[in-house]
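Biologist: I'd like to go through this one with you and hear the reasoning behind the labels. Can we put it up on the screen?

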Amino acid sequence: MSETGTPGRYQRTTNGLIGSIIVVVLFVIGIVIFRSIFRSELEVEPEPVDYLDAVAAAQSAGREPAYPPALPAGWVATNVEVSPAGQRPQFFLAVLTDEGRFIGLRQEEDSLDDLLEEHVDERTDEEAPAEVDSGGARTWEGFSDDGGDRAYATELGEETVLVYGSAPEEDMEVFLGLLSTDPVASR
């Protein structure tokens, strides 16, 4: 209490407010730095999906998706999508190679130009075709973009099959060679 009998008051200033904010920000930065020093690197493994069940379901609905009956050692399927019966046929499979490089497969009724624009790049360059016997096709048109992605495409009936991704050309051709439209083997 002050000599006059009234409680003491401290001065509230803008400088005091700014000083308090600086102290709080430095405290938060210190906590973040401390946590980053003592945290081990988080390694996330991709969650594999059983794409063959989805392929079998699509086949039992009368569709003929191109798919790999098996993947090379270390490769993992990470996503599969099949459009429900009664909708436009669409099939998508995402695979990571043993080096973690992406390969995607899309099979739809969309035009090749639309699929390339949507999933590869708005501007793609034509490359040499791949001569690989797979999934009902022998010749696959080749494409690339400025970012280093590659794509291969063919027609299966009324649908376009597009295989694309960041994987090296050799891995893409291995994937193309695995493709089949045969019924899924009983498991």
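**Labels and the values behind them**

Modeller: Let's begin in a loop: Gly 100 is partly exposed, at a relative accessible area of 45%. Keep in mind that this is a predicted model.

Biologist: Why is Gly 100 called partly exposed?

Modeller: Partly exposed covers what lies between the buried cut-off, under 20%, and the exposed one, over 50%. Gly 100 has 45%, so it gets the label in between. Gly 100 sits in the loop between strand E2 (90–96) and E3. Its C-alpha is 9.0 Å from that of Val 76, which is 24 residues away in sequence.

Biologist: And what makes Glu 108 buried?

Modeller: Its relative accessible area is 4%, and buried means under 20%, so Glu 108 qualifies. Glu 108 belongs to strand E3. Between the C-alpha atoms of Glu 108 and Pro 65 there are 9.4 Å, with 43 residues separating the two along the chain.

Biologist: How do you know that Arg 150 is buried or exposed?

Modeller: Same test: a value of 15% is under 20%, so Arg 150 is buried. You'll find Arg 150 in strand E6. Leaving out residues up to four places away in sequence, Arg 150 touches several others, among them Glu 127, Phe 143, Val 163, Tyr 164 and Met 172.

Biologist: What makes the pair of Arg 150 and Tyr 152 a polar contact?

Modeller: The cut-off for N or O atoms is within 3.5 Å, with a donor on one side and an acceptor on the other. The side chains of Arg 150 and Tyr 152 come in at 3.3 Å, so the pair counts as a polar contact.

Biologist: Now strand E7. Why is it called mostly covered?

Modeller: E7 spans residues 159–165, and seven of its seven residues are buried. Glu 159, Val 161, Val 163 and Gly 165 point one way, while Thr 160, Leu 162 and Tyr 164 point the other way; all are buried.

Biologist: How do you know that E7 pairs with E3 and with E6?

Modeller: Pairing needs at least two bridges. E3 (residues 102–108) and E7 have six bridges, so they pair, in the antiparallel sense. E6 (residues 150–156) and E7 have seven, so they pair as well, and they also run antiparallel. Look at Tyr 164 in E7: Gly 104 stands opposite this residue, and Ala 151 has Tyr 164 as its bridge partner. Two residues lie between the strands in the hairpin of E6 and E7, where Gly 157 takes a positive phi near 65 degrees.

Biologist: Is there empty space inside, and what makes it a cavity rather than a pocket?

Modeller: In a cavity a 1.4 Å probe fits but cannot get out, whereas a pocket is open. The search of the whole structure turns up one cavity of 30 Å³ or more, and the largest cavity has a volume of about 80 Å³. Its lining includes Arg 63, Pro 65, Phe 91, Gln 107 and Glu 159.

Biologist: And the overall picture?

Modeller: The protein has four helices and seven strands, in the order α-α-β-β-β-α-β-β-β-β-α along the sequence. Of the 187 residues, 35% are buried. The accessible surface is about 12,000 Å², and carbon and sulfur atoms account for 52% of that. For contacts between residues at least 6 apart in sequence, 49% join residues at least 24 apart.

How values were computed: Residues numbered from 1 in each chain as written. Predicted model: local features only at pLDDT ≥ 70, side-chain atom pairs only at ≥ 80, totals over all residues. Heavy atoms only, no water. Buried < 20%, exposed > 50% of the residue type's maximum accessible area, 1.4 Å probe, protein only. Contact = heavy atoms within 4.5 Å. Areas by Shrake-Rupley, 256 points an atom, 1.4 Å probe, with all protein chains shown as cover. 1 Å grid on protein atoms, 1.4 Å probe; cavity = no way out; pocket = protein on both sides within 12 Å on 5 of 7 lines; lining within 4 Å. Points joined across faces, edges and corners; volume = space filled by probe spheres on them.
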